Amino acid sequence: MTDETVKYVLPESQIPTDWVNLLPDLPGEPLPPLHPGTLQPAGPDDLAAIFPMALIMQEVSPEAQIEIPEPVREVYKLWRPTPLFRAHRLERELDTPAHIYYKYEGVSPAGSHKPNTAVAQAYENAQAGIRRLSTETGAGQWGSALAFACSLFGLECEVFMVGSSYDQKPYRRSMMETWGATAHRSPSELTEAGRANAEHPTGSLGIAISEAVEVAASRDDTNYSLGSVLNHVCLHQTVIGQEVIAQMELAGETPDVVIGCVGGGSNFAGLAFPYVREVLRGNTRMRFLAAEPAACPTLTKGVYRYDFGDTAGLTPLMAMYTLGHDFVPPPVHAGGLRYHGDAPMLCGLVRAGLIEARAYGQNDVFASAVRFARTEGIIPGPEPAHAIRAVFEEAEAARQAGEARVILLGLSGHGHFDLAAYEAFLAGRLEDPEFSEADMEAALKRLPDAPAIA
Ligand SMILES: Cc1ncc(COP(=O)(O)O)c(C=O)c1O
């Protein structure tokens, strides 16, 4: 046995007591969401039809810290604090002087970071007397997380699952049903938004969101729940980064670069924002790197504009990088990264130059994931595999520079329900779907007529 430490674990007593709210520290004036009908700034009352007031208040809070309710911390104990690993074997495999660490969120009951916010959202909705939650899911990670959280707080859960994932991942559906949820293939026949999009049978997150919002808006006992993008979702995920700060202290190191994948931005925000706050306050320096699919390159190819969060234009408009709300990304296996926009807070930081973004093709991503699995053991979800690809590039840059740079990776979930994709990759059958500039240009022509952003 060597004396190398592999795992940095914290006791339950070190589950954070507060979430980190980056909103008050962000540079520049915040750009408010706009009402989808009037295109005027949307206030808390505009959101009250589909969200409980406690979450709306978190969405707009000027406080730097928000206390985590005790019943939520109690549930977090089921899997938190999550482990931080030092990837010694991967470092040797890559022949890099870099020190690579990864924070593993796949130990949660649903297998990803998503329960961090699902539990908080189910709790606040139950407190507000709501009986049912409707939502969308891409890969099924978010739907299963919310199904799990609803089962703990006695809520019904109705999930619209993106068609391509519904077909690729039948066992994610069984998982949701095991926790008592109902799952529909989207686009479905059940909603106007679904029927209007029947010509896109593979579906998209934007279409599924429209379906779930429509159901919530039409029933008093039902609220809507979103697994990413919104400020309060990014907020709930900051338990990840706060634990990491304590764990990196145990390791006696500070990251030079923090790397995560971005679908709507929540795991990246959760990992990075507690560090971003320290950077914004001038207490430390480090780089932040966001990885996304080349087939859905929101941050690297999108435009920074006000756009709807969903396809049908039911949600408030947000200032973000977007490919156009009705752009339908090709059906890559990283279903959780097939979204036309990204969290406004994260987009603002990309625009300000604090966060870099890179896009990767599906085969490169799976090649990296397989190499990771063969050295570190964990089979990563296709989403965080994008971040692993970026880690490989940074490890190579460190090798060429001959520097022992510290790389921190967010490993947001496992890939146990994504083995059909691994099978296709191993058999040499995995496609690299092309991003269509022409489809994006066409979708951008249909952007709402909102005020331009300076
Ligand atoms: C494991 C995993 N990672 C990442 C994502 C992307 O979402 P976000 O950018 O909100 O973290 C998802 C979405 O479903 C996911 O399941």
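In the predicted model, R132 stands opposite T222 of strand β9. Strand β6, which spans residues 132-137, is joined to β9 by three bridges, and the two strands run parallel. This pairing belongs to an open sheet of four strands, arranged in the order β8-β7-β6-β9 with parallel pairing. The edges of the sheet are formed by β8 (182-186) and β9 (222-224), each of which pairs on one side only. From one strand to the next, the twist averages 25°. Helix α10, comprising residues 205-217, lies across β6, β7 (156-162), β8 and β9, and its direction makes an angle of about 170° with β6.

Helix α6 (141-153) takes part in two helix packings that can be described in turn. With helix α8, residues 170-178, α6 packs at an angle of about 15°, the axes being 8 Å apart. Because angles under 35 degrees count as roughly parallel, α6 and α8 are roughly parallel to each other. Their crossing is left-handed, and the contact involves G143, S144 and A147 on the α6 side and R172, M175 and M176 on the α8 side. Classified by residue type, this contact of α6 with α8 contains three nonpolar, two polar and one charged residues.

The second partner of α6 considered here is helix α5, residues 115-127, which packs against α6 at an angle of about 40° with the axes 8 Å apart. At this angle, α5 and α6 are therefore oblique to each other, and their crossing is right-handed. From α5, the residues P115, A118, V119, A122, Y123 and A126 meet A145, L146, F148, A149, C150, L152 and F153 of α6. The residues of the contact of α5 with α6 comprise 13 nonpolar, no polar and no charged.

A further helix packing is formed by α12, residues 238-251, and α13, whose axes are 6 Å apart and meet at an angle of about 55°. That angle makes α12 oblique to α13, and α12 passes α13 in a right-handed crossing. On the α12 side the contact is made by T238, V239, I240, G241, Q242, V244 and I245, and on the α13 side by G270, L271, A272, F273, P274 and Y275. By class, the contact of α12 with α13 has nine nonpolar and four polar residues, and no charged residues.

Two of the helices described above also contribute to the surroundings of the ligand, namely α6 and α13. In total, 21 residues surround the ligand, the closest being Q141, S228, G263, G336 and G413. The elements that give two or more residues to this shell are α6 (141-153), α13 (266-280) and α17 (382-401). Of the shell around the ligand, the largest share, three residues, comes from α13. By class, the residues of the shell divide into 13 polar, seven nonpolar and one charged. Helix α6 thus appears both among the elements that give two or more residues to the ligand shell and in the contacts with α8 and α5, while α13 supplies three residues to the shell and also packs with α12.

Key
Residues are numbered from 1 along each chain as its sequence is written. This is a predicted model: local features need pLDDT of at least 70, side-chain atom pairs count only at pLDDT 80 or more; totals for chains, interfaces and linings use all residues. A residue is near a molecule or strand if its C-beta atom, placed from the backbone, lies within 6 Å of it. Ala, Val, Leu, Ile, Met, Phe, Trp, Tyr, Cys and Pro count as nonpolar, Asp, Glu, Lys and Arg as charged, and the others, Gly among them, as polar. Axes are lines fitted to C-alpha atoms, for helices over the stretch in contact, and angles run from 0 to 180 degrees between N-to-C directions. Angles under 35 degrees count as roughly parallel, over 145 as roughly antiparallel, 65 to 115 as roughly perpendicular and the rest as oblique. A crossing is left-handed if the near helix is turned anticlockwise from the far one by less than a right angle, and right-handed if clockwise. Two residues are in contact if their C-beta atoms, placed from the backbone, lie within 7 Å. Two strands pair if DSSP finds at least two bridges between them.
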